[in-house]
Amino acid sequence: MSGGKRVGAGRKAKSELEKKKQKNIYIPEELYEEVMKAPIAYGDSFSSRCEFLIEEGLANFAVYNKNREDKVDKLTFIDLFAGIGGIRQAFEDDKTKAVFSSEWDKFAAATYEANFGEKPHGDITQIKAEEIPKHDVLLAGFPCQPFSMIGKREGFSHATQGTLFFDVLRIIKHHQPKMFLLENVQGLLTIQNGETFRIIKSALKEVGYDVFSDVLDAQNYGLPQVRKRVVIVGFRKDLEITNFDLPQGSNNRVPVSQILEENPNGYTISEHLQNTYLFKKNDGKPQIIDENSDIQVKTLVASYHKIQRLTGTFVKGGDTGIRLLSELECKRLMGFPDDFKVPVSRTQMYRQFGNSVAVPMMKAVADCMKERLFLAESLKLKDDKVS
Ligand SMILES: C[S@@+](CC[C@H](N)C(=O)[O-])C[C@H]1O[C@@H](n2cnc3c(N)ncnc32)[C@H](O)[C@@H]1O
């Protein structure tokens, strides 16, 4: 082709700055200060410093990921207060390996074994830390109990003695895993006016960890359920992970209609129960949903099956017009796979899912933790090579 003027010809060449895209990021003040203080040879502006650090970070990350793929060693973990293994379901992948689990309830242990092929050990209070294999990561959804304030004067760990958190703490103290992931009900923040939670965080710091926590809600991680839980993450101090934001999920809400089964058999609530309890009591109205409901339902609780306190979520349908959530719907509400095995009674099934965790929410946290650990270790590896 010849003649004419090329489109765009004669336009002024763009400056280097114009070629770049403007992007907004939100970072903590301390991180901003760290960026500005970093001994970088060129560029005084925040923007150019960030550009340099991001490029460096990505290069390190690529090298580390490569090492990680080549590495045969798996990240080992232990699963305490394992229940049916919700946290394990979220944490385990082909680069991790479970080396110990503990759950004393025989029904929960049966579900755990059916799905993970391993019978958990029993009462954790009776197991010495030395008897537990060494591990990189500790996972625990420990039951929440208040502490004795008298013991506090003798140190934060001392104050926790006699509680199940103490067992978590003594195992962390002995094994010094690289990181831990703990989960609890939101009420943990307010018992004893917040003192219990403060002691937990202080005790974990006292045994050598940088500790981060947040309240996360399952509905922000693709589940049609409001389920707020406190999540506590710790990294061993030598990893130098001094800031860590727990992932907040997104606002893309999934309506409960998406997880409903069409007329599952055997979940009918009898008319007698409906008349006697469901619409009679004044201790909180039940939530009735159907295939058009675009809401996120109330928290599935362990006592869901106790019809005497019908304050939960029920589905329109069945012979009597109202039914309980089915097993499959419970799995989906908690983010378990449809083929998760449930070898226990209906009552136990509701208890177990009600006690468990929102799997995708815990997976989002687990993924961030793994990423940060790998990055921290890769930077260390690099530093060690340089010095
Ligand atoms: C809140 S649930 C944790 C559920 C678990 N995260 C899941 O996904 O299913 C706490 C669990 O701790 C178990 N537990 C309580 N005391 C225990 C003990 N002393 N030893 C072992 N397990 C215990 C309970 O049986 C219960 O299953």
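1. In this predicted model, Ile-289 has Val-315 of strand E8 as its bridge partner. The pairing belongs to a wider contact between strands E7 and E8 (residues 313-316), which run parallel and are joined by three bridges.

2. These two strands are part of an open sheet of three strands, ordered E7-E8-E9, in which the pairing is mixed. Strand E7 (287-289) and strand E9 (322-323) stand at the edges, and because each has a single partner strand, one side of each is left without a neighbour in the sheet. As general background, strands of a sheet pair through backbone hydrogen bonds, either parallel or antiparallel.

3. The largest nonpolar core is made up of 78 residues, and Leu-80 and Leu-139 are the ones with the most contacts inside it. Helix H12 (residues 359-386) provides the largest share of this core, namely seven residues. Since domain 2 (75-249 + 358-386) and domain 3 (256-355) both give residues to the core, it lies between them. In soluble globular proteins, nonpolar side chains tend to be buried together.

4. Which residues does Leu-80 touch, not counting residues up to four places away in sequence? They are Ser-102, Ile-124, Leu-138, Leu-139, Ala-140, Phe-142 and Val-168. Leu-139, listed here as a contact of Leu-80, is also named with Leu-80 as having the most contacts inside the core.

5. Ala-203 lies in helix H8, which covers residues 195-206. Ala-203 counts as buried because it has 25 C-beta neighbours inside 10 Å, where 20 or more are required. The C-alpha atom of Ala-203 is separated by 9.3 Å from that of Phe-166, although the two residues are 37 residues apart along the chain.

Terms used
Residues numbered from 1 in each chain as written. Predicted model: local features only at pLDDT ≥ 70, side-chain atom pairs only at ≥ 80, totals over all residues. Helix = DSSP H or I, 4+ residues; strand = E, 2+ residues; numbered from the N terminus. Buried ≥ 20, exposed ≤ 12 C-beta atoms within 10 Å, placed from the backbone. Core = buried A, V, L, I, M, F, W, Y, C linked by C-beta atoms within 7 Å. Domains from an automatic or database assignment. Contact = placed C-beta atoms within 7 Å. Pairing = 2+ DSSP bridges.
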